[in-house]
Amino acid sequence: MTQTMETELPCWPPVNSARGPFTPLDDAERQRYVGPVTRVLLPTGATAWLVSRHTDVRQLLRHPAFSSDLQRPGFPLLRPLPPEVAMNNQGAFIRMDGAAHSRLRRMLTAEFMIKNVRRIEPLIHRTVDEALADLATAGSPADLVSTFALPLPSKVICHLLGVPYADHDFFQSRSRLLLNREVPPEQFQHAAQELRDYLGALIDTKQAHPDEADDLLSRLIRERVAPGELGIDELVGMTLLLLIAGHETTANMIGLSVLLLTRHPEQYAILRERPELAAGMVDELLRYLSIVRTGLFRLATEDVEIGGQLIRAGEGAIVLISLANRDTEVFDDPDEFDPYRQAHQHLAFGFGMHQCIGQPLARAELRIALVELARRFPDLRVTADPQELSTRDSSIVFGLDTLPVTW
Ligand code: HEM
């Protein structure tokens, strides 16, 4: 079945919802959005195909004819792209296709494999311990985002990459700007350039002392840059991608997860009483919260039929993984958060060639952070109504600005 009606691009979870951040889809929304591939109007005035059913999303994301390269003419965008940004995209393999993409991704796959992430679990534990000690010192009431949710993944990714955590105010604020779809193009461009300059200078310093450190950047310099396999601009772009993706997403997941779980103290208590269930709970949190809420953007490079709809070469597609994660064909009662659900089919980390490379790390951080928090702060409570909390409404990654807690 095909549909030609154009609706506005939905954003899920919704922005500024008076119903709070955990709004279930109502029947009309479910009918309108979680269904056949349909045409939507983008804020730029262009149209694209909205893909929201779990099966269609998987089919599209693993199809090699769908490009992630936003420099291609006709690529669907939420805001006009300044030409300088389009040109200065080197190394950002999330925006590359085919062999160019896999060449760079392959240089990192071993680093983020489950067995390597197991090796850094002691580091995650130490970082969680430190952050929880800071929380205790800050005293009740405290802001969980700035004392715990944000420092934890920021410190871990800094340690892995070899970026000084002391510069966190700088890179966190610039990352937030880059993820904000309402930031004017000049400001976006400026923030991107500042981060590139910062990382370029850091890489210069490391290159001058190549044998001194065992962090990922130093290793890539020794093993890939020195033999001429990887350019400096490419390394800057890869590092920028890892630094941003490595802290914003996980931080937002921690904040929202704590808000959700503490609303149901018996669910929060499961983390403490049955920590062996925490890994499964993390998957259900990823499914239910689906923080990458504006979806994944692709351009068809050939005519392809997805879910019965012909998407022609040159047409854009918006893949709303947040809606696919509430598809009743795959998940019973998808608007319910069920801590015992086997939610591993969720698509919160994407699917196919670009599926999140950092997912073993994100999963480990979330599991350790939530279990330890529940163990040491069993009586943690959020002191504001969910509707009153300041949410990242214009960000492509949903999250909370602050989370006031007491214990
Ligand atoms: C809960 C936390 C996270 C979520 C929800 C998440 C989500 C995603 C999603 C949906 C994609 C697919 C993008 C696409 O197909 O266009 C992706 C890709 C990516 N993520 Fe994550 N991510 C998380 C944590 C991380 C972490 C901790 C890192 C860093 C180590 C990371 C690094 C990346 C990279 C480098 C890509 C691009 C992969 C590629 O294009 O081949 N992510 N992530």
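Val40 stands opposite Ala48 in strand S3, and I will start from that pair. Please keep in mind that this is a predicted model.

Strand S2, residues 38–41, and S3 are joined by 4 bridges and run antiparallel. The two strands make a hairpin, with 5 residues between them. In the turn, Gly45 has a positive phi of about 95 degrees. On S3 itself, residues 47–51, 4 of the 5 residues are buried, so the strand is largely enclosed by the rest of the structure. S3 also pairs with strand S9, residues 316–319, this time in the parallel sense, over 3 bridges. There, Val51 has Val319 as its bridge partner. As background, strands of a sheet pair through backbone hydrogen bonds, either parallel or antiparallel.

There is another sheet to mention. It is open, has 3 strands in the order S5-S11-S10, and its pairing is antiparallel. Strand S5, 142–143, and strand S10, 381–382, are the edge strands, each pairing on one side only. S10 is joined to strand S11, residues 404–406, by 2 bridges, and Val382 stands opposite Val405 in S11. In the loop between helix H6, 121–138, and S5 we find Pro141. The peptide bond from Ser140 to Pro141 is cis, with omega near -5 degrees.

Now the helices. Is helix H11 enclosed or exposed? Of the 10 residues of H11, residues 216–225, 7 are buried, so the helix is largely enclosed by the rest of the structure. Arg219 is one of the buried residues, alongside Leu216, Leu217, Ser218, Leu220, Ile221 and Val225. What they pack against is a set of four helices: H4 (98–109), H8 (151–161), H10 (185–208) and H12 (232–262). The N-terminal end of H11 is capped by Asp215, with a side-chain oxygen 3.3 Å from the backbone nitrogen of Leu217.

Asp215 and Arg219 come up again in the lining of the largest pocket. That pocket holds about 280 Å³ of space. Its lining also includes Glu111, Phe112, His159 and Asp214. Which helix gives the largest share of the lining? The answer is H5, with 3 residues. H5, 114–119, and H8 each supply at least two lining residues.

Next, helix H13, residues 265–273. Gln267, Tyr268, Ala269, Ile270 and Leu271 are buried there. The buried residues of H13 pack against H12, helix H14 (278–289) and H16.

On to the metal. How many donors does the protein give the iron atom of the ligand? A single one: the SG atom of Cys356, 2.3 Å away. Cys356 sits in the loop between helix H15, 321–324, and helix H16, 359–376.

Asp333 is found in the loop between H15 and H16 as well. Asp333 has a positive phi of about 40 degrees although it is not a glycine. With a relative accessibility of 57%, over the 50% cut-off, Asp333 counts as exposed.

Ser290 also has a positive phi, about 35 degrees, and it is not a glycine either. Ser290 lies in the loop between H14 and strand S6, 296–300. Is Ser290 buried or exposed? Its relative accessible area is 4%, under the 20% limit, so Ser290 is buried.

That is the end of my list.

Key
Residues numbered from 1 in each chain as written. Predicted model: local features only at pLDDT ≥ 70, side-chain atom pairs only at ≥ 80, totals over all residues. Heavy atoms only, no water. Buried < 20%, exposed > 50% of the residue type's maximum accessible area, 1.4 Å probe, protein only. Contact = heavy atoms within 4.5 Å. Polar contact = N/O pair within 3.5 Å; in protein donor to acceptor, adjacent residues only side chain to side chain. Donors = N, O, S within 2.8 Å, 3.2 Å for Na, K, Ca; no water. Pairing = 2+ DSSP bridges. 1 Å grid on protein atoms, 1.4 Å probe; cavity = no way out; pocket = protein on both sides within 12 Å on 5 of 7 lines; lining within 4 Å. Points joined across faces, edges and corners; volume = space filled by probe spheres on them.
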